[in-house]
Amino acid sequence: MSVTTLRYADTGAFSSLLTDYLARHDALTSFYHRFPTLDAFAEQIEEKRASYTPEARQRLVAALREQYATLPTVHPAVEANLAVLEKETTFTITTGHQLNLLTGPLYFIYKIVSAVKLSRQLKEKYPEFDFVPVYWMATEDHDFAEINHFNLFGKKYEWNAPETGGPVGRLQLDGMKEALLDQLPADVPALFRESYEQADTLAAATRRLTHDLFGELGLVSLDADAPALKQALVPVLEKEIREQASNRAVQQANAQLEAAGYKPQVYSRPLNLFFLTDAGKRERLEYDAAQDCAQVTVRNTGRCHSQQELLELVRQHPEQFSPNVVLRPLYQEILLPNLCYIGGGAEVAYWFQLKGVFEENNVPFPILLPRNSAQYVGKANAGKLRKLGLTSLDIFRPLPELKKQVGATLGQEEVSLQEQQQQLAAAFQAVADLAQRLDPTLVKTVAAEQQKVTGIVQGLEKRLSKAAEAKHETAYSQLTALKDKLMPGGHLQERTDNVLSILINNPQFIQQLLDAFDPLALEFTVLEEE
C-alpha cells in the first residue's frame, strides 16, 4: 500500500472555515480552546482532570457495563478499556455519528480509526495516562430518512421501515432481514448481517457491528439515551428552561462568525431541547406565542406546560428530555472524561458556535480535531490512472484539465484558432478604418460581417477540436468513468461509498487505515494499492 498526503485545501473539497482553521488563521482563534497538537493535550488533561468528578466516572462506567452486558461476548481489549475508565488517570477521545445502516459512508470508518490512532499516539506521549477511543452513538436523532440507506457497488440499498418520528436508536428491526439483509451480495461478511439479525433495535445492532469491526482496537461505544445518564443533564435542562442561555451564546458566536466572513453551520432555537413523548416521538419544545412567556408547548401534541411544571418534570424524569444539536455536545462532555472531539468539517464548524455554551455551564471545551479524510485507489484503478499518464493525486483536478493533460500525453494536437482570429480582427479593423474615411455609414456593415466571420471561425474551431478528441475518445471515456468512480457525483469517495466496497476484496483495509493515518498531521491521505 502506497500512502501519500496533501493539504486539505489542495483537494478543493473542503470549506474555507476548515482550511482556515488548519492554517490557524487569527480570525478563528476565539472560537476554539486549544489547537490540536500533541503538546496541547498536557493542559487539556489537567483541565479535564480537575473538573471531572468521581461520581461522573462511576455513572459512566456503570452505564457502559450495563450496555455491554447485552453482547454475547466482549472483546478483551474493550474489557480492558472499561476497566481503565474507572481510574482518574483515564481520558477519552471521542467521535460521534448517526446510526447509519451497515456503517453508511466511508467517513464513519475514518472517524473511528482517527480516534483509535490518536488514543495510541497520546499514550506514547503521556504514558502515565490512559486514553480510550469512544464512539458516541447518535441514538436520539430522529431523522430516519438520513440513515435508512447506503450505497454499495453503484446500487442503493434502502430499508423503508415505518417512520416513528422518535429516536432512531429505539427503532425495532422487524422486516429488515427480508427487505434489506437478504438483498445483499453473497460475499458480504457474515458479521454485517448477524449484527442486525441478532439484535432487536437499531442501537443494539450498531453497537454489535462496531464492536465486531473495532473491538480488537478497544473502541467503546456509548448510547446516552439512558435514564441513569440523563440524570447528569438535570442542571443543564434547568438552566435551559429558566434562562435559554444556550441560544444567547450561540447567537453571539454567530454574529462574530459572520463578521469574520463565515456562515454559521447550525440553527439555534430559543429552547434547544426536544421532548420524548409517551407515543415515542421526539418533538421540539417551543414557547407558545399565544400565551405568556412561561408557557411551553410540546410541538405537534398540543400539550402546554408552565415553566414550573417543566422544571418538576426535569427533576423527576430527565430521560423524557433530549438535547438538540446545540446541547448534545455539552451533554457528551459532561458524561465523558473527554479531551478531544473528532468530527467532519461541518461538525467542526458547528462546534465553533458552541464555545460560549460551554462557558455558560462551566464545562471544559474539548480540543477540536478534523477526522482523517482519505481517498482509496484500488490496484485496478491505480493501473488505469498510470496508463493515462496520471497519478492518484491528479484525480482531484477538474475533468477538463485532466482531459487536456491526457491529450498531451497521447499526442493530441491542441486546436486553437486564436491566432487566426487575431489576424482576422486586424484585417477587419483595417477595412473599418477605410470605411470610416470613405463612407462612415458602412462601418456598422463591416462590424456585422466581422461578427459573422468570427462566429464561423469559432464553429470551425469546435469541429476541429472534436475531430482531434475523437482520435482518443476511448481514453477520454475511461478518464471520465474513472473520475466518476473515484469522485462520485463530483464529491469525495468517502461521502458515498460504503466500506464493504473495499473490505470485501481487501480484508486488511481497517488495519491499513490505522497504519496510514496520522490525525495530528492535519493532512488528506491517499492510499493506493500496489
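**Exercise 1.** In this predicted model, find what share of the contacts between residues at least 6 apart in sequence joins residues at least 24 apart.

*Solution.* Start with the cut-off: a contact means heavy atoms within 4.5 Å. Next, keep the contacts in the protein chain between residues at least 6 apart in sequence. Of these, 74% join residues at least 24 apart.

**Exercise 2.** List the contacts of Leu222, leaving aside its neighbours within four places in sequence.

*Solution.* On the lower-numbered side, Leu222 is in contact with Leu60, Leu64, Gln67, Val134, Tyr135, Trp136, Met137 and Arg207. To these add Leu229, Leu335 and Leu336.

**Exercise 3.** Place Leu222 in the largest nonpolar core, and state which helix gives the most to this core.

*Solution.* The largest nonpolar core has 107 residues. Leu222 is among those that touch the most other members, together with Leu28, Phe41, Ile93, Leu118, Phe321 and Phe352. Helix 4, residues 54–68, gives the most to this core, with six residues. A second, separate core has 52 residues, including Leu152, Leu171, Met176 and Val188.

**Exercise 4.** Describe the protein chain as a whole: its helices and strands, its burial and its accessible surface.

*Solution.* First, the protein chain holds 23 helices and 15 strands. Second, 53% of its 530 residues count as buried, the cut-off being under 20% relative accessible area. Third, the accessible surface comes to about 24000 Å², and carbon and sulfur atoms account for 50% of it.

**Exercise 5.** How far apart are the mean positions of the positive and negative charges of the protein chain?

*Solution.* Count 53 positive and 68 negative charges. Their mean positions are 4 Å apart. For scale, the C-alpha trace spans about 95 × 60 × 50 Å along its principal axes.

Notes: Residues numbered from 1 in each chain as written. Predicted model: local features only at pLDDT ≥ 70, side-chain atom pairs only at ≥ 80, totals over all residues. Heavy atoms only, no water. Helix = DSSP H or I, 4+ residues; strand = E, 2+ residues; numbered from the N terminus. Buried < 20%, exposed > 50% of the residue type's maximum accessible area, 1.4 Å probe, protein only. Areas by Shrake-Rupley, 256 points an atom, 1.4 Å probe, with all protein chains shown as cover. Lys, Arg positive; Asp, Glu negative; His and termini not counted. Charge placed at Lys NZ, Arg CZ, Asp CG, Glu CD. Core = buried A, V, L, I, M, F, W, Y, C linked by side-chain atoms within 4.5 Å.
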